[in-house]
Amino acid sequence: MALAGLQASTGLVAAQDSERSAATELRWQLCSTAAVNWPVPNDTRSECAELSVPMDYAKPDGRKITIAVSRVKATRPKAGAAPIVVNLGGPGLFNIADSHTLTRRGLAALNSERDFIGLDVRGTGYSDHVACAYNPVAEPPPTATEKSVKKAEFDNEAEFNNRCAAVDPEFVRQLTPENAARDIDRLRAALGTEKISYYGASFGTAIGMAYRSLFDRRTERMWLDSVMPPTGRHWPTLDGEIEAVGQKSGTPMLAWLAQRDAEYGLGTDESTVARRLGDLRSELERKPRVSGGVRLGGDWVGDQVIRPREEWGEAARNLVAVRNGGTPPTPPTPQAAKAARTPVGTFGLGNPRSGMNAIQYNAMLCNASDPASRRFGDTWAAREARRAADPLMGGRYFSAWCAKWPLNAPDAKPVRGNSALQLSGHLYEAVTPHVWAERARDATGGTLLTVLDGVHGSLPSLPCATKAVTFFRTGQKAEGTCDGLQQP
């Protein structure tokens with residue numbers, strides 16, 4: 001889908017790629033009139049344009065693709081202030097409106113002096129992309145074993161990956177954070193600015209780290225919130241690190257049940273309660289039950305354990321009823337059961353399926369993935385090892401994104417740079433665990449601020465967003481902790 005009324009740039013070749021020629025590439029128009037189905041109602045500030053970039057940067061004179069970009073101009077521009085490029089997450093999501101989103105949140109004050117710049121990363125939204133959908137598949141029977149269910153998920157993902165990558169393999173192979181970073185630097189040149197600043201969240205942090213590694217001298221300041229791991233897209237390992245956060249969240253209910261053994265009969269200490277519920281989980285993995293037409297598999301047990309505190313009584317009654325051979329007094333609805341069977345959620349803010357381009361999502365995660373992430377035997381073995389280590393909560397995540405992924409790209413490692421880099425990680429978060437931010441700090445030399453909540457990408461909504469405003473204005477970094485939206 002292209003921006004309505006805009007023409008792609010023509011005549012751009014590598015020999016013309018100078019600061020002066022690049023500055024004439026962008027033809028700005030109001031997004032509300034130029035872009036079909038612009039997502040921001042009554043938007044009178046966002047401007048859109050299109051940028052031509054090489055599909056393969058190793059072949060700069062070869063095939064070109066179009067990247068859709070946006071701008072919200074500063075209300076009182078400050079001379080020499082670098083624009084802030086914004087990417088609030090993904091992959092697979094359209095990000096072109098992120099520049100507008102940031103004007104309504106805690107970093108909005110920066111828009112008085114700096115332009116906010118957004119873009120749809122290659123492969124998404126209004127930028128050139130592959131349109132390819134999942135084929136309908138038959139659900140495994142409700143009594144299928146857990147391994148059979150996961151194998152069906154894996155096979156469905158493998159069919160999608162191979163069919164959709166084959167639509168345009170040359171293009172899909174070039175969907176990497178590093179190429180997204182190169183696109184941003186072409187945008188920097190087109191804007192006519194020597195440097196940019198960057199605010200990224202979620203998968204936007206992977207693109208940010210790639211940009212700083214490639215273009216450190218062109219980076220003024222960069223803040224990355226809810227940080228991706230710096231390298232090594234090995235999904236069995238990453239699933240385990242995500243899972244570790246959820247394991248901690250289940251501990252309080254186990255202690256609560258142990259204090260109420262007279263009522264629920266699950267044990268007088270946490271280890272006994274965990275063992276008995278782990279046995280129930282194993283039983284349901286081997287032989288799931290059906291309640292009201294809905295499958296009760298092994299993961300249902302863990303879902304009860306991590307329910308909010310105010311629902312522990314109901315969850316305990318459900319567990320005891322099923323352990324005694326019956327059905328839960330409050331069985332899951334079909335919608336809840338479907339959500340429970342869905343692998344770990346996509347990175348990014350808002351509805352993960354809204355505007356989602358699944359082949360771009362998988363390509364960004366899998367082009368440089370470890371081979372073990374692509375084989376069912378390895379991913380299942382890793383899942384079973386985690387379950388053996390923790391029979392109740394281990395192995396609850398099983399990411400099949402890279403199932404039989406057919407393409408390869410180098411797994412670039414971030415480097416330590418000289419430009420100002422600030423990271424913020426959320427101590428209790430399970431989408432991008434805090435340990436990933438620690439690893440990114442060690443790899444890049446950035447400064448880490450720990451947010452005391454479990455809310456993904458929440459920094460712009462917090463009082464400590466003022467620290468980010470100060471950072472972009474002065475370069476002052478922030479260490480230690482700051483309060484978040486909520487704590488466990």
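Among contacts in the chain between residues at least 6 apart in sequence, what percentage join residues at least 24 apart? The figure is 76%. The points below concern a predicted model.

1. Overall composition. The chain comprises 17 helices and twelve strands. Of its 488 residues, 55% are buried. The exposed surface of the chain amounts to about 20,000 Å², and carbon and sulfur atoms account for 51% of that area.

2. The sheet. Ten strands form an open sheet with mixed pairing, in the order S1-S2-S3-S5-S4-S6-S7-S10-S11-S12. Its edges are strand S1 (29-30) and strand S12 (481-483), each of which pairs on one side only. Within this sheet, strand S10 (residues 420-426) is joined to strand S11 (residues 447-452) by five bridges, in the parallel sense. One residue pair can be named here: glutamine 422 has threonine 447, in S11, as its bridge partner.

3. Helices on the sheet. Helix H16 (residues 434-444) packs on the sheet and touches strand S7 (219-227), S10 and S11. The direction of H16 makes about 160° with that of S10. Helix H17 (residues 465-474) lies across strand S4 (84-87), strand S6 (196-202), S7, S10, S11 and S12. The angle between H17 and S7 is about 160°.

4. Helix H7. Is helix H7 (residues 204-214) mostly covered or mostly uncovered? It is mostly covered, with nine of its eleven residues buried. These buried residues are Gly204, Thr205, Ala206, Ile207, Gly208, Met209, Ala210, Tyr211 and Arg212. They pack against the strands S4, S6, S7 and S10, and also against helix H6 (177-191) and H16.

5. Disulfides in outline. The model contains three disulfides. With the bonded cysteines counted along the chain, the connectivity follows the pattern 1-2, 3-4, 5-6. The next three points take the pairs in turn.

6. Cysteine 31 and cysteine 48. The sulfur atoms of this disulfide lie 2.0 Å apart. The torsion about the S-S bond is about 105°, so the link between cysteine 31 and cysteine 48 is right-handed. It connects distant parts of the chain, 17 residues apart: cysteine 31 belongs to helix H2 (residues 31-34) and cysteine 48 to strand S2 (residues 47-54). Cysteine 31 and cysteine 48 are both buried.

7. Cysteine 132 and cysteine 164. Here the sulfur atoms are 2.0 Å apart. The value about the S-S bond is -70°, and the link is left-handed. Cysteine 132 sits in the loop between strand S5 (116-119) and helix H4 (146-165), while cysteine 164 is in helix H4, so the disulfide ties together parts that are 32 residues apart in sequence. Both cysteine 132 and cysteine 164 are buried.

8. Cysteine 366 and cysteine 402. For this pair the distance between sulfur atoms is 2.1 Å. The link is left-handed, with -85° about the S-S bond. The two cysteines are 36 residues apart and join distant parts of the chain: cysteine 366 lies in helix H14 (residues 358-366), and cysteine 402 lies in the loop between helix H15 (376-389) and S10. Why do these residues count as buried? The cut-off is under 20% relative accessible area. Cysteine 366 counts as buried because its relative accessibility is 0%, and cysteine 402 because its value is 1%.

9. Two further cysteines. Cysteine 464 has 6% relative accessibility and therefore counts as buried. Cysteine 482 is likewise buried, with a relative accessible area of 6%.

10. Nonpolar cores. In soluble globular proteins, nonpolar side chains tend to be buried together. In this model the largest nonpolar core has 59 residues, of which Val172, Ile184 and Leu224 touch the most other members. Helix H14 contributes the most to this core, giving seven residues. Leaving aside residues up to four places away in sequence, valine 172 is in contact with Val130, Ala165, Ala363, Asn367, Trp405 and Leu407. Another core, of 24 residues, lies apart from the largest one; among its members are Leu102, Leu459, Ala465 and Phe471.

Methods:
Residues are numbered from 1 along each chain as its sequence is written. This is a predicted model: local features need pLDDT of at least 70, side-chain atom pairs count only at pLDDT 80 or more; totals for chains, interfaces and linings use all residues. Side-chain values use heavy atoms; hydrogens and water are left out. Two strands pair if DSSP finds at least two bridges between them. Helices (H or I, at least four residues) and strands (E, at least two) are DSSP runs, numbered from the N terminus. Contact means heavy atoms within 4.5 Å. Axes are lines fitted to C-alpha atoms, for helices over the stretch in contact, and angles run from 0 to 180 degrees between N-to-C directions. A disulfide is a pair of cysteine sulfur atoms within 2.5 Å. Buried means under 20% relative accessible area, exposed over 50%, partly exposed in between (1.4 Å probe, protein chains only). A nonpolar core is a set of buried Ala, Val, Leu, Ile, Met, Phe, Trp, Tyr and Cys residues joined through side-chain atoms within 4.5 Å. Accessible areas come from the Shrake-Rupley method with a 1.4 Å probe; for residues, only the protein chains shown count as cover.
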